Amino acid sequence: MKIRAAVAWEAGQPLSIETLDIQGPKAGEVMIKMVATGVCHTDAFTLSGADPEGIFPSVLGHEGGAIVVEIGAGVTSVAVDDHVIPLYTPECGECNFCTSGKTNLCQAIRATQGQGLMPDGTSRLSFNGQTIYHYMGTSTFAEYAVVPEIALAKINRHAPLDKVCLLGCGITTGVGAVLNTAKVEAGSTVAVFGLGGIGCGVIQGAVMAGASRIIGVDINPDKFEFAKQMGATEFVNPKDHELPIQDVLIDLTDGGVDYSFECVGNVELMRSALECCHKGWGESVIIGVAGAGQEIATRPFQLVTGRVWRGSAFGGVKGRSQLPGMVDQYMAGELKVDEFVSHTMPLDKINEAFDLMHAGNGIRSVITF
Ligand code: NAD
Ligand code: AHE
Ligand code: ZN
Ligand code: ZN
């Protein structure tokens, strides 16, 4: 079948809209028709060439909302017409990661996913016979995608896919990092570094957890208004201060915050986020993704004296068992999603979504098909 897709031919170049060939689903696979997809900073990160796992040419995108159009042999958990969110963190329910009770990082298909391939080691996408690689097992910047069955969360069919697509990454990652990874307690003080889609998801999670103070940190003051709307109680712009930002936050909170979240992908900021935590108990969660070769540093004394450094992927959320419930929470008015959509545009304008992100304009762009 012929489909339109935004192809990343090489690092650092804009996406190019092409007509690709897509093969139907093999055993254990499902073909989905994309209704909408968000554009996450991780897509821009990979397109930039900084991702050690970046493969070109590929179809990027991992924040989709879609409808099942064809199932491969042996598929039982989804059927044609089901509404689904593709999962870059799948859930097989059987691997030792899934059964550990300690992580959402299912490893059943992680190796091939990282190689831009389906679990059988081949791609379903091509251009005039040339292989085009999958991305994060989802490749949502295309009219159709073929994904493994274990990488689909079946959701409420009444949920608007052009909104809940954002639960495929950004909002879920932020909210989940607070509730699942950090397990923030009521009354806690929280600092959020980076007030984009992820940071504002963190703010929403912190409000749900009953945090007493939620301090937003960003170098772009245009981000403060939406963050305030989400529940941030105060703001710090590092550009307004000569002192290191961790010292500013320690002064502001009488010794440091209970929890901090790095939602930028900047290794210097990761250090600040750790060091602004309270001696004895403060915990910092790294969510931002840093480029190839970059490393974090701090004095070990920071950890010896009780601060904790953690990381979180997809907010610690197990996609097939937990994401449908988050969609239902949204439908019940308990989770904000619509507000995160700043711009909506068709696939052929997708490079504008990347331009808006780089310009710091808005929170999320959604591509509709
Ligand atoms: P975004 O572009 O929407 O937001 C990033 C924000 O960081 C912007 O508001 C920007 O002004 C701010 N910022 C940049 N430099 C800063 C600095 N030095 N100090 C303070 N603020 C600064 O990006 P996003 O989509 O929210 O993604 C944020 C990060 O999270 C990215 O690194 C992305 O790859 C990563 N991410 C990780 C996961 C995960 O599962 N771990 C999931 C999604 C995204
Ligand atoms: N491929 C990169 C790391 C990219 C990364 O950390 N991805 C996050 C999701 S970001 C979504 O916007 C993730 O889930 N990581 C866990 C995993 O298994 O990929 C690298 O550094 O190699
Ligand atoms: Zn993402
Ligand atoms: Zn698994």
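Student: Of the 33 residues around ligand 1, which come nearest?

Tutor: The model is a predicted one. By class, the shell around ligand 1 has 17 nonpolar, 14 polar and 2 charged residues. Of the 33 residues around this ligand, those that come nearest are His41, Gly194, Gly196, Ile198 and Gly265.

Student: Which helices each supply at least two residues of the shell around ligand 1?

Tutor: The shell around ligand 1 counts 33 residues. Helices that each give at least two residues to this shell are helix 1 (41–48), helix 4 (170–182) and helix 5 (197–209).

Student: Where does ligand 1 lie with respect to domain 1 and domain 2, and why?

Tutor: The protein chain is divided into domain 1, made of 2–168 + 337–368, and domain 2, covering 174–312. Both domains give residues to the shell around ligand 1, so the ligand lies between domain 1 and domain 2.

Student: How many residues does the contact take from domain 1 and from domain 2?

Tutor: The C-alpha centres of domain 1 and domain 2 are 29 Å apart. The contact takes 11 residues from domain 1 and 12 residues from domain 2.

Student: Which element gives the largest share of the side of domain 1 that touches domain 2?

Tutor: The residues on this side of domain 1 divide into 6 nonpolar, 3 polar and 2 charged. The largest share amounts to 3 residues, and the element that supplies them is helix 1.

Student: What is the strand order of the open sheet of 6 strands, and which are the edge strands?

Tutor: The pairing in this open sheet is parallel, and the order is 12-11-10-13-14-15. Two strands pair on one side only, and these edge strands are strand 12 (234–236) and strand 15 (308–311).

Student: By what angle are neighbouring strands of this sheet turned against each other on average?

Tutor: The sheet has 6 strands with parallel pairing. With direction ignored, the average angle between neighbouring strands is 20°.

Student: In strand 12, which residue is the bridge partner of Ile215?

Tutor: Strand 11 (residues 213–217) runs parallel to strand 12, and 3 bridges join the two. The partner of Ile215 in strand 12 is Glu234.

Student: Which strands does helix 4 touch, and what angle does its direction make with that of strand 14?

Tutor: Helix 4 packs on the sheet, where it touches strand 13 (259–262), strand 14 (283–286) and strand 15. The direction of helix 4 and that of strand 14 make an angle of about 130°.

Student: How many charged residues does the shell around ligand 2 have?

Tutor: The residues around ligand 2 include Asp51, Glu53 and Arg110, along with Cys40, Thr42 and Cys169. By class, the shell around ligand 2 has 7 nonpolar and 2 polar residues, and the number of charged residues is 3.

Student: Which residues does the cis peptide bond join, and what is omega there?

Tutor: Pro57 is in the loop between helix 1 and strand 4 (63–71). The cis peptide bond joins Phe56 and Pro57, with omega at about -5°.

Student: What is phi of Ser139?

Tutor: Ser139 is placed in the loop between strand 7 (130–132) and strand 8 (144–148). Its phi is positive in a residue other than glycine, with a value near 45°.

Student: Which residues does the UniProt annotation "domain: Alcohol dehydrogenase-like C-terminal" cover?

Tutor: The span is 39% helix and 15% strand, and its end C-alpha atoms lie 20 Å apart. According to the unreviewed UniProt entry, the annotation covers residues 197–328.

Technical notes: Residues are numbered from 1 along each chain as its sequence is written. Chains are lettered from A and ligands numbered from 1 in the order in which they are written. This is a predicted model: local features need pLDDT of at least 70, side-chain atom pairs count only at pLDDT 80 or more; totals for chains, interfaces and linings use all residues. UniProt positions are given in the numbering used here, feature names are shortened, and annotations may be inferred rather than shown by experiment. Helices (H or I, at least four residues) and strands (E, at least two) are DSSP runs, numbered from the N terminus. A residue is near a molecule or strand if its C-beta atom, placed from the backbone, lies within 6 Å of it. Ala, Val, Leu, Ile, Met, Phe, Trp, Tyr, Cys and Pro count as nonpolar, Asp, Glu, Lys and Arg as charged, and the others, Gly among them, as polar. Domain bounds come from an automatic or database domain assignment. Two strands pair if DSSP finds at least two bridges between them. Axes are lines fitted to C-alpha atoms, for helices over the stretch in contact, and angles run from 0 to 180 degrees between N-to-C directions. Two residues are in contact if their C-beta atoms, placed from the backbone, lie within 7 Å.
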